Amino acid sequence: MAERPMAAIYARLSEEDRVKNSGQGSSASIINQVMLLRQYAEQMGWDVYECYTDDDWAGADRSRPAFNRLLRDAEQGRFNIVLCKTQSRFTRELEMVEKYIHSLFPLWGIRFVGVVDNADTSVKGNKKSRQINGLVNEWYLEDMSENIRAVLTTRRQEGYYIGSTPLYGYRKDPERKGHLIVDPEAAEVVKLIYHSFANGMGKTAIARMLNERGIPNPTEYKRRKGMIKKVPRHKAGTLWKYFAIADILGNEMYIGNLVQGKYGSVSYKTKKNKPVPKEKWIRVEQTHDPIIDKELWYMVQKMIRERAKPFSTGEVGVFAKKVRCKHCGYIMRSGKGRGRHYLICSSRHVAKDSCIGSFIYVDKLEEIVLEEMRRINDKFLDEKLLEDKIVIKETTDEDIEKWKHQCSHQRHRMDWINSAIKNLYLDKVKGDIDAEQFQLLYRELDSDVENAKFAVKQLEQKIECVHSQSGSQKDKSEIVRKYVNPSELNHSMVEQFIDHIEVSRRDPETNRINIEIHWNF
């Protein structure tokens with residue numbers, strides 16, 4: 001007696017299907033799909049190996065658990081028929097139709113059957129209709145993706161919060177969909193972070209303080225409160241870190257404004273996202289109660305901009321935001337000890353034993369990068385060709401000295417204004433001036449400091465232009481050597497040529513630090 005064919009039943013129901021069939025008998029429900037397919041298998045004389053079901057999963061989602069388990073079992077030859085209600089229940093992607101139904105299933109000796117749409121790989125001439133079905137499903141996916149994107153954009157513009165989990169410090173309003181309400185427990189932590197920073201404490205120091213107090217970070221707090229069930233592996237852990245503090249300090253939503261649409265999907269076929277330019281973010285004011293008052297928030301933003309100057313030299317550090325710890329991936333932070341500047345893994349600052357950590361002196365790293373740049377330049381660049389392309393323009397020493405003096409004056413003016421802003425905020429806190437007076441004076445001072453910054457930038461560009469174009473052929477050679485065979489690095493060169501640098505901890509046996517430079521070319 002011939003062995004009966006073994007069929008695997010696959011049923012899927014998406015959230016959209018559930019909405020469509022609510023109150024209509026749920027003809028497309030998981031239960032009805034399975035009953036239909038079991039009855040069909042019995043009529044055909046097939047045994048059922050197992051029923052694989054995915055509830056609330058889209059047809060374009062490749063991470064469906066039961067779907068992937070079915071594919072693994074199919075490859076192992078545990079059945080010879082895959083039975084679905086329609087081909088679209090199996091997948092809506094034309095690429096997946098071609099990969100599995102038309103390629104791998106025949107290779108594994110598996111027949112695919114879609115009961116309702118008559119998709120059957122054992123029927124000669126049926127392939128074209130299956131491919132047409134796959135193409136129609138592909139169009140459906142694309143149209144649905146565009147419709148969903150349009151709906152979400154409209155909801156954002158109307159001031160509805162559409163995130164899956166609320167921003168730390170808030171909860172979703174159970175009585176009003178798309179509205180945030182303050183979470184008192186987390187809001188106190190947010191206030192503590194802002195006031196600590198305003199009083200001069202750094203972001204890393206704030207993270208260390210929260211960790212020492214045993215306060216869980218935002219992801220862990222949401223997990224404990226049941227706001228999220230599964231924590232991504234790269235976000236696991238309870239520790240606060242520098243970037244969590246930085247995100248909170250820079251988030252405008254804490255003053256009651258919704259800011260959404262910072263990331264957009266790469267394609268309807270993938271869940272990967274890409275950053276959206278800031279000018280395209282969707283911003284709606286006064287949609288929810290603020291946790292931080294506006295005066296404090298703007299004060300903090302000002303302090304953040306001024307603090308983006310490592311080593312207190314008034315200049316951006318040579319390797320600012322370019323060096324990462326090889327072991328944990330976090331950007332290394334700058335510091336100074338015994339007269340030398342260094343970079344150290346930021347995780348080591350926020351809690352004990354959080355990372356084995358990386359450490360390197362800045363001058364040592366600069367030496368390594370320069371040597372590698374010289375090696376690349378020697379191999380690929382032509383100095384004579386570059387010299388011929390440089391045009392020299394004469395400028396007097398008197399002009400340069402005048403611009404330098406103007407630069408120095410504007411910097412002193414910026415320092416005075418920043419000090420005045422801080423004192424202004426303290427006067428407001430003490431009640432010496434009211435909020436309206438604070439806002440008026442703050443706007444005037446802020447405008448002054450921005451004008452001073454612009455003036456300094458313009459003067460520095462003029463001076464740099466002159467320095468890079470001093471008046472003779474000898475000078476032209478010096479200009480070329482500055483970039484082709486540089487003797488020192490600056491932030492502009494690093495920004496232009498290097499994507500990022502990875503630094504490992506020192507090898508205890510060889511006493512060497514492994515450096516990986518990822519170039520922009």
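This report walks through two sheets, one helix and a few loop residues of a predicted model.

## The five-stranded sheet

Let's start with the open sheet of five strands, which is ordered S2-S1-S3-S4-S5 and has mixed pairing. The edges belong to S2 and to strand S5 (119-120); each has a single partner strand, so one side of each is left without a neighbour in the sheet. Two helices come in on this sheet. Helix H2 (residues 30-44) packs on it and touches S1, S2, S3 and strand S4 (111-114), with a direction about 160 degrees from that of S1. Helix H3 (residues 65-75) packs on the sheet too, touching S1, S2 and S3, and its direction makes about 150 degrees with that of S2.

Now for strand S1 (residues 6-13), which is mostly covered, with seven of its eight residues buried. On one hand S1 pairs with strand S2 (residues 47-55), in the parallel sense and over eight bridges. Within that pairing, Tyr10 sits opposite Tyr52 of S2, and Ile9 has Cys51 as its bridge partner in S2. On the other hand S1 pairs with strand S3 (residues 81-84), again in the parallel sense, this time over three bridges. There, Ala7 faces Ile81 of S3. As background, strands of a sheet pair through backbone hydrogen bonds, and they can do so either parallel or antiparallel.

## Helix H5 and its bend

How far apart are the end C-alpha atoms of helix H5 (residues 94-108), and what span should its 15 residues have? At 1.5 Å a residue the helix should span 21 Å, and the end C-alpha atoms are 20 Å apart, which agrees. H5 isn't quite straight, though: it bends by about 25 degrees at Tyr100.

Tyr100 also turns up among the buried residues of H5, which are Met96, Val97, Tyr100, Ile101, His102 and Phe105. It helps to read that list with helix geometry in mind: an α-helix has 3.6 residues a turn, so residues three or four places apart point the same way. Right after H5 comes Gly109, and its phi is positive, near 75 degrees.

## The three-stranded sheet

The other sheet to look at is open as well, with three strands in the order S13-S14-S15 and antiparallel pairing. Strand S13 (333-337) and S15 take the edges, each with a single partner strand, so one side of each has no neighbour in the sheet. Ignoring direction, neighbouring strands here are turned by 30 degrees against each other on average.

S13 and strand S14 (residues 340-344) run antiparallel and are joined by five bridges. If you want a spot to zoom in on, Gly335 stands opposite Tyr342 in S14.

## Ser358, just before S15

Ser358 belongs to the loop between helix H12 (347-350) and strand S15 (359-361). Is Ser358 buried or exposed? It is buried, with a relative accessible area of 0%; the cut-off for that label is under 20%.

What surrounds Ser358 beyond residues up to four places away in sequence? Its contacts are Cys325, Lys326, His327, Met332, Leu343, Ile344, Cys345, Val503, Ser504 and Arg505. One of these, Val503, has its backbone oxygen 2.7 Å from a polar atom of the Ser358 side chain.

## Asp173, between S6 and S7

Asp173 lies in the loop that links strand S6 (170-172) to strand S7 (180-182). With a relative accessible area of 17%, Asp173 counts as buried, because the label applies under 20%.

Its side chain reaches the backbone nitrogen of Glu175 at 2.9 Å. Leaving aside residues up to four places away in sequence, Asp173 touches His179 and Ile181.

## Two positive phi values outside glycine

Most residues other than glycine have a negative phi, which makes the next two worth a look. Gln286 has a positive phi, near 55 degrees, without being a glycine. It lies in the loop between strand S11 (282-284) and helix H11 (294-307), and it is exposed, with a relative accessible area of 64%.

Asn511 isn't a glycine either, and its phi is positive at about 65 degrees. You'll find Asn511 in the loop between strand S16 (498-503) and strand S17 (515-519). Asn511 is exposed, with a relative accessible area of 51%; the exposed label needs over 50%.

Notes: Residues are numbered from 1 along each chain as its sequence is written. This is a predicted model: local features need pLDDT of at least 70, side-chain atom pairs count only at pLDDT 80 or more; totals for chains, interfaces and linings use all residues. Side-chain values use heavy atoms; hydrogens and water are left out. Helices (H or I, at least four residues) and strands (E, at least two) are DSSP runs, numbered from the N terminus. Buried means under 20% relative accessible area, exposed over 50%, partly exposed in between (1.4 Å probe, protein chains only). A polar contact is a pair of N or O atoms within 3.5 Å; within protein, one must be able to donate a hydrogen and the other to accept it, and residues adjacent in sequence count only if both atoms are side-chain atoms. Contact means heavy atoms within 4.5 Å. The expected span of a helix is 1.5 Å times one less than its number of residues. The bend at a residue is the angle between axes fitted to the seven residues ending there and the seven starting there. Two strands pair if DSSP finds at least two bridges between them. Axes are lines fitted to C-alpha atoms, for helices over the stretch in contact, and angles run from 0 to 180 degrees between N-to-C directions.
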